[in-house]
Amino acid sequence: MADPAPILPYEAIGGAPAVSAIVSRFYALMDEETDYAPLRAMHAADLGPVAEGLEQFLTAWLGGPSQAWMARNACVMSLHRGLAVTPAIAGQWVQAMARAVAAQPGIDPRLGEAMVARLAQMAHAMISRPASQPAPDML
Ligand code: HEM
């Protein structure tokens, strides 16, 4: 008998409602917490479009429907190439994402941590400026 189809991370975390809730929480934290003010300052006043983009990316990246992200024909690393990302700012991104994922009910903590660890690797690769202050210890 064939092995059952593997469960995708997208399904395991709770599908579209979970991705949407994580993205909303992530940008709310970025918007409201003074610790993330340098990261927030890099973004436009209206976080709606960027939230939609991150939701599309995470959906595809986790193994969910990928059409919306693929239709953009965008590379997530290239999108950040022009930004002045210091280690501290990358750390703020990862810390806010870790908090947004950890607060999502029903996610196996091992899966949540693995997900954030891989995103942290990408955030680390986006650093384009030397450290000017210590980074949160999540990178
Ligand atoms: C390293 C720290 C990061 C900083 C400072 C940062 C900053 C930004 C900024 C300023 C934008 C808006 C760009 C624009 O509108 O032109 C953006 C968009 C975006 N970021 Fe990041 N980002 C970081 C890390 C990440 C990571 C690790 C991911 C995912 C792996 C990610 C995924 C995205 C996506 C999907 C968009 C939306 C693009 C769009 O809708 O066109 N970012 N980011």
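Against which helices do the buried residues of α7 pack? In this predicted model, the buried residues of α7 pack against α2, α3 (37-41) and α8.

**Overall architecture**

The chain contains eight helices and zero strands, and its elements therefore follow one another from the N terminus as α-α-α-α-α-α-α-α. For 139 residues, a compact globule would have a radius of gyration near 14 Å; the chain has 15 Å, which agrees. Taken along the principal axes, the box filled by the C-alpha atoms is roughly 60 × 30 × 25 Å. Buried residues account for 24% of the 139 residues. Of the contacts with a separation of 6 or more, 76% join residues 24 or more positions apart.

**Helices α4 and α7**

The lengths of two helices can be set against the rise of 1.5 Å a residue, as tabulated here.

| Helix | Residues in helix | Expected span | Distance between end C-alpha atoms |
|---|---|---|---|
| α4 | 14 residues | 20 Å | 20 Å |
| α7 | 16 residues | 22 Å | 22 Å |

In α4 the expected and computed spans agree, and in α7 they agree as well.

Helix α7 is mostly covered, with twelve of its 16 residues buried. Among these buried residues are Ile89, Ala90, Trp93, Val94, Met97 and Val101, together with the polar residues Gln92 and Gln95.

In α4, the buried residues are Leu54, Gln56, Leu58 and Thr59. Their cover includes α1 (9-13), α2 (15-32) and α5 (67-71). Just after α4, Gly63 adopts a positive phi of about 100°.

Gln56 belongs to helix α4. Because 22 C-beta neighbours lie inside 10 Å, and 20 or more are required, Gln56 counts as buried. Leaving aside residues up to four places away in sequence, Gln56 touches Ala68 and Trp69. Met115 stands 59 residues from Gln56 along the chain, and the C-alpha atoms of the two are separated by 16 Å.

**The nonpolar core**

The largest nonpolar core has 26 residues, of which Phe26, Trp93 and Met97 touch the most other members. The elements that give two or more residues to this core are α1, α2, α4, α7 and α8. Helix α7 gives the most, with nine residues. Met97, not counting residues up to four places away in sequence, touches Phe26, Val116 and Leu119.

**The ligand shell**

Around the ligand there are 20 residues, and Gly53, Phe57, Ala90, Trp93 and Ala123 come nearest. The elements that give two or more residues to this shell are α4 (48-61), α6 (76-79), α7 (87-102) and α8 (109-125). The most is given by α4, with five residues. By character, the shell divides into 17 nonpolar residues, three polar and no charged.

Trp93 links several of these descriptions. This residue is buried in α7, is among the core members that touch the most others, and is one of the residues that come nearest to the ligand. Ala90, also buried in α7, is likewise among the residues nearest to the ligand. Helix α7 thus appears both among the elements of the core and among those of the ligand shell.

Note on methods: Residues are numbered from 1 along each chain as its sequence is written. This is a predicted model: local features need pLDDT of at least 70, side-chain atom pairs count only at pLDDT 80 or more; totals for chains, interfaces and linings use all residues. A residue is near a molecule or strand if its C-beta atom, placed from the backbone, lies within 6 Å of it. Helices (H or I, at least four residues) and strands (E, at least two) are DSSP runs, numbered from the N terminus. Two residues are in contact if their C-beta atoms, placed from the backbone, lie within 7 Å. The expected span of a helix is 1.5 Å times one less than its number of residues. A nonpolar core is a set of buried Ala, Val, Leu, Ile, Met, Phe, Trp, Tyr and Cys residues joined through C-beta atoms within 7 Å. The radius of gyration is taken over C-alpha atoms; the globule rule is 2.2 Å times the number of residues to the power 0.38.
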